[in-house]
Amino acid sequence: MKYMLLINAGELDPQNAPVGCEPEDWMRFDKEIQDAGVVVASESLADLVTATRIQVANDGKRTVVDGPFAETREVLGGFYVIDVPDLDVALGWAAKCPGSRGGGSVVVRPVAEF
């Protein structure tokens, strides 16, 4: 079964970076999950200031806003799509992810198959 692990950044202040969330930790996790052969796709997202938000009203009018727009402190930083036997295994990988530390979180959602 496929699951998406959505990685939401925690503390964005580099001086207060969470323990276990250094670049080396990410490289180690990425190697481990790739070597396990469960990764279908994975990407890190570019810096938040490169974001563009679009909203389309019922009348078809588009509103485009440059830059970040968030009413929350969570910032989507990247994702993995993994193919594992069940939710428990997906949660195990999510718990190993450095993004789950230091105020960050990993949202685990099954990928719908039609």
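Trainee: Looking at contacts between residues at least 6 apart in sequence, what share joins residues at least 24 apart?

Mentor: Keep in mind that this is a predicted model. Take the chain's contacts between residues at least 6 apart in sequence, then pick out the ones joining residues at least 24 apart. That share comes to 75%.

Trainee: In what order do the helices and strands run along the chain?

Mentor: You've got two helices and six strands to place. Start at the N terminus and read the elements off one by one. The order is β-α-β-β-β-β-α-β.

Trainee: Is W93 buried or exposed?

Mentor: First, find W93 in helix α2, which covers residues 87-96. Its relative accessibility is 10%, and the cut-off for buried is under 20%, so W93 counts as buried.

Trainee: Which residues is W93 in contact with, leaving aside its neighbours within four places in sequence?

Mentor: Skip those sequence neighbours and see what's left around the W93 side of helix α2. The contacts of W93 are then L5, F29, E32, I33, A36, V38, I82 and V84.

Trainee: And G103, is that one buried or exposed?

Mentor: G103 sits in the loop between α2 and β6. Its relative accessible area is 71%, and anything over 50% goes down as exposed, so G103 is exposed.

Trainee: How far apart are the C-alpha atoms of G103 and N8?

Mentor: Along the chain, G103 and N8 are 95 residues apart. In space, their C-alpha atoms are separated by 9.0 Å.

Methods: Residues numbered from 1 in each chain as written. Predicted model: local features only at pLDDT ≥ 70, side-chain atom pairs only at ≥ 80, totals over all residues. Heavy atoms only, no water. Helix = DSSP H or I, 4+ residues; strand = E, 2+ residues; numbered from the N terminus. Buried < 20%, exposed > 50% of the residue type's maximum accessible area, 1.4 Å probe, protein only. Contact = heavy atoms within 4.5 Å.
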